[in-house]
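Me: I have a structure open and would like to go through it in pieces. Can we start with one of the helices?

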Amino acid sequence: MNNENRYYDYMDNEDTNMIRTLKNIYEKNILQPYKNSNKRIDLHTYTKFSGGDLLPHELVNLAIEKQIGTLAITDTNTINGLKELESDRGIIKDSGINIIKGIELCSKIDDQNINILGYGLDIKNKYLNKKMIELQDKNINAMISILDYLRKEFNISFSYETIKELINSEYSLSKYDIAKLCVKYKFTSNINEALNKYLVNTNKFIEKLNFEECLEIISKCGGISVLANPKYLTTDQNKLSEIIEKLIKYGLKGLEIENFNYSIKDISFYENIANKYHLLTSGGSGFRMLEDENLECQNIKSLTIIKKL
């Protein structure tokens, strides 16, 4: 064997040893602590595909770090993040984390803005995919209107290339994406400031599905529909009861009883309402941005919807 061949054999052995070492570190420092942990549940999270900071696989990695055993990805008006995750399942398979395929649909009922979560979706369903394309087109039109509003009202504008990149992305565009641009181009110092200072009155540009259609979409692709974040829907218990009763007639199956900033009293209150109407209970952090770090605030141990997924 000549010296060149010896060198290549040596390098192959070094590469093999390095890969084996990295796998051992991965198993010891990440997988085993996760598998041995007392896991929690988070059924309300967003990825970069709907204004979040993290790509789907990055969110999964963070969930494992935070010892989340069951994670639902519920991007707003899109399933593209779930589709991307389908082709990158290494850490999911290795860790055993349970990923629930979800969505958040923005809607209205009696002039009241509501969000409806869907869980256990068949993301290959043709009807669902058709509706997602329609929503994507509506979102693009809404974002163009918001950008025009910012230019006229606040003299905030972005380059043609920036807008083109935004509009042509695979993401479900939202105010969060425009807020991030405001930060990037130093119109504000943080996302919340952009939302509250410049984007607070822009919901009028966003065309929302009616609640009947939202519930139908979720039902037709085999999902379970849940009313999201009732605390921020209304503080009037009678009004909330009216909304829930109306939604139930059209197929609502569950109620979100916990969000990252709900008190013990809040959780008990909404759990009692769920029990009153025989609704499944759900809950999650609403994690979107790393600066909020609310994924780790979740202390949910059990939810009745889990048994149905």
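Me: Which exposed residues does the face of H6 turned away from its buried side carry?

Reply: That face carries Tyr160, Glu161 and Glu165. Keep in mind that this is a predicted model.

Me: And which residues of H6 are buried?

Reply: H6 covers residues 160–167, and its buried residues are Thr162, Leu166 and Ile167.

Me: Why are those on the same side of H6?

Reply: The buried residues cover an arc of only 125° around the axis, so they sit on the same side of H6. As a general point, an α-helix has 3.6 residues a turn, so residues three or four places apart point the same way.

Me: What covers the buried residues of H6?

Reply: The cover includes H5 and helix H7, which is 175–184.

Me: OK, H5 then. How do the axes of H5 and H9 cross?

Reply: H5 is residues 126–154 and H9 is residues 211–220; their axes come within 8 Å and cross at roughly 140°. That angle makes H5 oblique to H9, because only angles over 145 degrees count as roughly antiparallel. The crossing is left-handed.

Me: Which residues meet there?

Reply: From H5 there are Tyr127, Leu128 and Lys131, and they meet Glu213, Glu216, Ile217 and Lys220 in H9. By type, the residues of this contact are 3 nonpolar, no polar and 4 charged.

Me: New topic. Where is phenylalanine 205?

Reply: Phenylalanine 205 lies in the loop that runs between helix H8 (191–197) and strand E5 (209–210).

Me: Why does phenylalanine 205 count as partly exposed?

Reply: Its relative accessibility is 25%, and buried would require under 20%, exposed over 50%, so phenylalanine 205 falls in between.

Me: What is phenylalanine 205 in contact with, leaving aside its neighbours within four places in sequence?

Reply: Phenylalanine 205 is in contact with Ala142, Ser145, Ile146 and Tyr149.

Me: And how far apart are phenylalanine 205 and asparagine 139?

Reply: In sequence they are 66 residues apart, and in space their C-alpha atoms are 9.4 Å apart.

Me: Zooming out, how many helices and strands are in the protein chain?

Reply: The chain has 11 helices and 8 strands. It has 309 residues, and buried residues make up 47% of them.

Me: Among contacts between residues at least 6 apart in sequence, what share joins residues at least 24 apart?

Reply: In the protein chain that share is 76%.

Methods. Residues numbered from 1 in each chain as written. Predicted model: local features only at pLDDT ≥ 70, side-chain atom pairs only at ≥ 80, totals over all residues. Heavy atoms only, no water. Axes fitted to C-alpha atoms, helices over the stretch in contact; angles between N-to-C directions. Helix = DSSP H or I, 4+ residues; strand = E, 2+ residues; numbered from the N terminus. Parallel < 35°, antiparallel > 145°, perpendicular 65-115°, else oblique. Left-handed = near helix turned anticlockwise from the far one by under 90°. Contact = heavy atoms within 4.5 Å. Nonpolar A, V, L, I, M, F, W, Y, C, P; charged D, E, K, R; others polar. Buried < 20%, exposed > 50% of the residue type's maximum accessible area, 1.4 Å probe, protein only. Arc of directions from axis to C-beta.
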